[in-house]
Amino acid sequence: MDIVCRAGVQVTGDGARTVHDDIIVEDHVRLFLNGEYLTTLVASPDRLDDLGAGFIVCEGLADEVDSVEVSGKDVYITAPVRKDVRLEMESSGGYRVIGEPREVASSITVTADSVRAVTAAIESDTWRRTGGVHCSVLFCNGQLITRACDVGRHNTVDKVVGYAALRGIDRSTCVLGCTGRQPSGMVAKAANAGIPIVVSRAASTDRGILTAERAGLTLVCFSRGERFTIYTHPERVPDVLAAVEKAQP
């Protein structure tokens with residue numbers, strides 16, 4: 001990722017000193033779909049092929065992409081589009097495609113320890129250096145296959161999904177881990193990508209939970225250390241359900 005060094009004055013109590021911090025680069029990336037301008041994203045300017053492919057899949061415009069070409073900060077995607085494109089502003093200030101997400105079809109299950117393993121993998125060296133990025137990870141069949149950092153939480157999901165889409169990975173076998181909050185737009189991205197389980201270190205919103213419930217997606221939030229909360233479709237974490245039943249009088 002692009003990182004720059006910037007000077008600042010750090011204040012501690014009554015004292016102050018000059019420091020030089022690693023700062024993440026924020027840029028603008030333009031997406032073109034089938035030769036037509038689609039949108040501009042505020043993003044970290046790396047892995048732009050994954051970002052472009054993932055945006056198309058996560059916004060439900062196509063299940064797969066045919067090709068992605070990157071020219072500077074312009075990303076050209078070709079894909080068999082299956083619906084009209086109408087954009088609305090998200091809670092992050094970015095844009096998403098209007099419409100209901102697809103329903104997730106997957107029979108995979110995970111254990112509580114698997115949820116904790118996904119959570120442990122989310123933190124990145126870039127975050128530790130800068131404190132200025134979100135991060136997402138994608139686990140498939142219990143293995144970490146990719147991790148992506150970006151200034152935008154939505155972009156991290158697009159990048160890991162794009163990585164899977166460009167390599168023909170079966171996303172219905174995957175678990176998505178995120179640092180970011182899970183409003184409806186974030187949950188919809190995972191659902192459109194066909195990912196059945198989302199694990200986040202952060203909170204959801206009421207609409208995020210409702211979107212997950214309707215889409216058949218298992219939403220796990222506040223996953224930190226030993227603790228996490230399953231809001232929807234807990235049947236995909238059967239050992240937790242068994243523990244709940246055992247604890248009931």
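Student: Let's start with C58. Is that cysteine buried or exposed?

Tutor: Keep in mind that this is a predicted model. Buried means under 20% relative accessible area. C58 sits at 1% relative accessibility, so it counts as buried.

Student: And which cysteine sulfur is nearest to that of C58?

Tutor: That would be the sulfur of C178, 9.8 Å away, and C58 is in no disulfide. For a disulfide, the two sulfur atoms have to be within 2.5 Å. C178 is in no disulfide either; its nearest cysteine sulfur belongs to C135, at 8.9 Å. C178 counts as buried too, with 1% relative accessibility.

Student: How many disulfides does the structure hold, then?

Tutor: Just one. Its partners are C140 and C174, with 1.9 Å from S to S. The angle about the S-S bond is 80 degrees, and the link is right-handed.

Student: Which parts of the chain does that pair link?

Tutor: Distant ones: C140 belongs to strand β9 (residues 134-140) and C174 to strand β11 (residues 174-178), 34 residues apart. C140 has 7% relative accessibility, so it counts as buried. C174, at 0%, counts as buried as well.

Student: Zooming out, what does the secondary structure of the chain come to?

Tutor: Seven helices and 14 strands. The radius of gyration is 19 Å, close to the 18 Å from the globule rule for 249 residues, so the chain is as compact as a globular protein of that length.

Student: How much of the chain counts as buried?

Tutor: Of the 249 residues, 47% do.

Technical notes:
Residues numbered from 1 in each chain as written. Predicted model: local features only at pLDDT ≥ 70, side-chain atom pairs only at ≥ 80, totals over all residues. Heavy atoms only, no water. Helix = DSSP H or I, 4+ residues; strand = E, 2+ residues; numbered from the N terminus. Rg over C-alpha atoms; globule rule 2.2 N^0.38 Å. Buried < 20%, exposed > 50% of the residue type's maximum accessible area, 1.4 Å probe, protein only.
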